[in-house]
Amino acid sequence: MPIYEYQCGECRSHFELLIRGTEQPTCPECSSSTLTRQLSMTAAPVSSGNSLPVHGSPGRAANLGSGCGISGCGNGRCAPR
């Protein structure tokens, strides 16, 4: 069951959905079915001990594929600060 990223053609929201079988996705914000599948950033394994600082904060390690750990981040896109 793959997880896909979408952008809604009506309300322009970005979101991820877990798609099962032949299920047709709809926007969780406005229920529109006018969606465009987006290219997703792939996750890659990182060897232990190679964490990188994020946003200049030495205590925060990068977590590939799930954002930087700051509230509102995810999918490789950071929230506005």
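**Close-up views of a predicted five-strand chain**

**View 1. Cys8 is a buried cysteine in this predicted model.** Its relative accessible area is 0%. Cys30 behaves otherwise: this residue is partly exposed, at 36% relative accessible area. The closest cysteine sulfur to that of Cys8 belongs to Cys30, 3.6 Å away. That is too far for a bond. A disulfide would need the two sulfur atoms within 2.5 Å, so Cys8 and Cys30 do not qualify. Cys30 is in no disulfide. How many disulfides does the structure hold? The count is zero.

**View 2. Tyr4 and Tyr6 form an edge-to-face ring pair.** The count of aromatic pairs comes to two. In the pair of Tyr4 and Tyr6, the ring centres lie 6.4 Å apart and the planes meet at 70°. Centres within 6.5 Å make a pair, and planes over 60 degrees apart count as edge-to-face, so both criteria are met here. Is Tyr6 buried or exposed? Tyr6 is buried, with a relative accessible area of 7%. Tyr4 is partly exposed, at 23%. The cut-off for buried is under 20%, which means that Tyr4 falls outside that class.

**View 3. Tyr4, Tyr6 and Phe15 form an aromatic cluster.** Ring pairs link the three residues. Tyr4 has a further partner, Arg37. The charged end of Arg37 sits over the Tyr4 ring. Its distance from the ring centre is 3.9 Å.

**View 4. Five strands and zero helices make up the elements of the protein chain.** Read from the N terminus, their order is β-β-β-β-β. Of the 81 residues in the chain, 22% are buried. The chain exposes about 6,000 Å². Carbon and sulfur atoms supply 50% of that area. Among contacts with a separation of 6 or more, 26% join residues 24 or more positions apart.

**View 5. Confidence is highest in strand 3 and lowest in strand 5.** Strand 3 covers residues 35-38, with a mean pLDDT of 92. Strand 5 covers residues 57-61, with a mean of 47. Over residues 56-65 the pLDDT is below 50. This stretch still has 18 contacts in the model beyond near neighbours in sequence. Where pLDDT is low, the predicted coordinates should not be read in detail. Across the protein chain, the average pLDDT is 73. A score of at least 70 is reached by 53% of the residues.

Technical notes:
Residues numbered from 1 in each chain as written. Predicted model: local features only at pLDDT ≥ 70, side-chain atom pairs only at ≥ 80, totals over all residues. Heavy atoms only, no water. Phe/Tyr/Trp six-rings, centres within 6.5 Å; stacked < 30°, edge-to-face > 60°. Buried < 20%, exposed > 50% of the residue type's maximum accessible area, 1.4 Å probe, protein only. Lys NZ or Arg CZ within 6 Å of the ring centre and 35° of its normal. Helix = DSSP H or I, 4+ residues; strand = E, 2+ residues; numbered from the N terminus. Contact = heavy atoms within 4.5 Å. Areas by Shrake-Rupley, 256 points an atom, 1.4 Å probe, with all protein chains shown as cover. pLDDT = per-residue confidence, 0-100.
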